[in-house]
Amino acid sequence: MSTITFPLLLQAGNIRGSHGTHTLLVADREGIIRHIGRGASGLGAAAERIRELLTVAPPAISLPTPSLDFGDDVPAGETRTVTLVLKNTGGEDLSITNLASDLEGVTFSLTELMVAPGDSATVDITFTPSEGGPFSGTITISSDDPENSSVSVAISGTAIVVPVNPRADFDNDGEIGFSDFIAFAQAFSTDNATFDLDGSGLVDFPDFLEFAKNFGKSVP
Ligand SMILES: [Ca+2]
Ligand SMILES: [Ca+2]
């Protein structure tokens, strides 16, 4: 018979003589019974079960989403956010020590965090494309996972350039701004053709939507 020391609850009340044999229960720290065996021949199996319970798995990073898509319609100059999920499938706390990207301008809501065993955490990743066209890169995540100290996630998307409607610059100062909005508001519900951007014969809500799409932009 081997002898081992273990900080587990052995439910003494459940070890009893029964026709010359014993029932062996192995319970974990929470008191959940993990093994039931009988007699001396069951000791080896019980000891093996105890060893398994005592072995704490190291932290293990897992990425439920292998790639992140910002979408194919990110307006150039506007910020888009996607969420990265980080999971710890190990048995000890996972320490994320850094997040970085090779795509310039990518920012993270967090670059250091702890994830408890079995838990998930999220990090918001934002990007503001400066011009139209596809973009892609890699997010690299460093952690104390002994087997995967560096893992990566592909990111991609496509930026679009929304053309400016120069007609929305009603005062022709090169910017579609607040002064244009005031002028538009004053012309609302009239038939003033300058402000009737869709040519419907009336300055109305569809014209406002067209104006709003262009608000804040410069006229080239
Ligand atoms: Ca203007
Ligand atoms: Ca109209």
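This briefing walks through the strands, cores and a few individual residues of a predicted model. The protein has three helices and 13 strands. Of its 220 residues, 16% count as buried. Looking at contacts between residues at least 6 apart in sequence, 56% join residues at least 24 apart.

**Strands around β13**

- Start with β12 (residues 133-143) and β13 (residues 150-160): 10 bridges hold this antiparallel pair together.
- The link between β12 and β13 is a hairpin, with six residues making the connection.
- One spot to look at in this pair is Ile-141, which sits opposite Val-151 of β13.
- β13 also takes a parallel partner in β5 (residues 67-69), through three bridges.
- Within that pairing, Asp-69 has Ser-156 of β13 as its bridge partner.
- β6 (residues 74-75) is another strand running parallel to β13, this time over two bridges.
- Here Pro-75 is the residue facing Ile-160 in β13.

**Strands around β8**

- β8 (residues 94-101) and β10 (residues 113-115) run antiparallel, joined by three bridges.
- Ser-95 faces Met-114 of β10.
- β8 pairs with β12 too, again in the antiparallel sense, and that pairing has five bridges.
- If you want a residue to click on, try Ile-96, whose bridge partner in β12 is Ser-143.

**The four-stranded open sheet**

- An open sheet is built from four strands in the order β4-β7-β11-β9, with antiparallel pairing.
- Its edges are β4 (61-62) and β9 (107-108), each of which pairs on one side only.
- β4 meets β7 (residues 80-88) through two bridges, and the two strands run antiparallel.
- In that pairing, Ile-61 is matched with Asn-88 in β7.

**Nonpolar cores**

- The largest nonpolar core is made of 14 residues, and the ones with the most contacts inside it are Leu-84, Leu-86, Ile-96, Ile-125, Ile-139, Ile-141 and Ile-155.
- Two or more residues of this core come from each of β7, β8, β11 (120-127), β12 and β13.
- The top contributor to this core is β8, which supplies three residues.
- There is another core apart from this one, with seven residues that include Ile-176, Phe-195, Val-203 and Phe-211.
- Back in the largest core, Leu-84 is one of the residues with the most contacts inside it.
- Leaving out residues up to four places away in sequence, Leu-84 touches Leu-68, Thr-122, Val-123, Ile-125, Ile-139 and Val-153.

**Two buried residues up close**

- Gly-157 belongs to β13, and it counts as buried because 20 other C-beta atoms lie within 10 Å.
- The cut-off for burial is 20 or more such atoms, so Gly-157, with 20, qualifies.
- Not counting residues up to four places away in sequence, Gly-157 touches Asp-69, Phe-70, Gly-71, Asp-72, Val-74 and Phe-135.
- Take Phe-135 from that list: it is 22 residues from Gly-157 along the chain, yet their C-alpha atoms are separated by 5.5 Å.
- Phe-195 lies in the loop between α2 and α3, and this loop residue is buried because it has 23 C-beta neighbours inside 10 Å.
- Setting aside neighbours within four places in sequence, Phe-195 contacts Phe-170, Phe-184, Ala-187, Val-203 and Asp-207.
- Between Phe-195 and Asp-180, which are 15 residues apart along the chain, the C-alpha separation is 9.8 Å.

**Two exposed loop residues with positive phi**

- Asn-172 is in the loop between β13 and α2 (178-187).
- Its phi is near 55°, a positive value in a residue other than glycine.
- Asn-172 counts as exposed because 9 other C-beta atoms lie within 10 Å, and the exposed class runs to 12 or fewer.
- Ser-189 is in the loop between α2 and α3 (205-214).
- Phi of Ser-189 is near 75°, again positive in a residue other than glycine.
- Ser-189 is exposed as well, because it has 8 C-beta neighbours inside 10 Å.

Note on methods: Residues are numbered from 1 along each chain as its sequence is written. Chains are lettered from A and ligands numbered from 1 in the order in which they are written. This is a predicted model: local features need pLDDT of at least 70, side-chain atom pairs count only at pLDDT 80 or more; totals for chains, interfaces and linings use all residues. Two strands pair if DSSP finds at least two bridges between them. Two residues are in contact if their C-beta atoms, placed from the backbone, lie within 7 Å. A nonpolar core is a set of buried Ala, Val, Leu, Ile, Met, Phe, Trp, Tyr and Cys residues joined through C-beta atoms within 7 Å.
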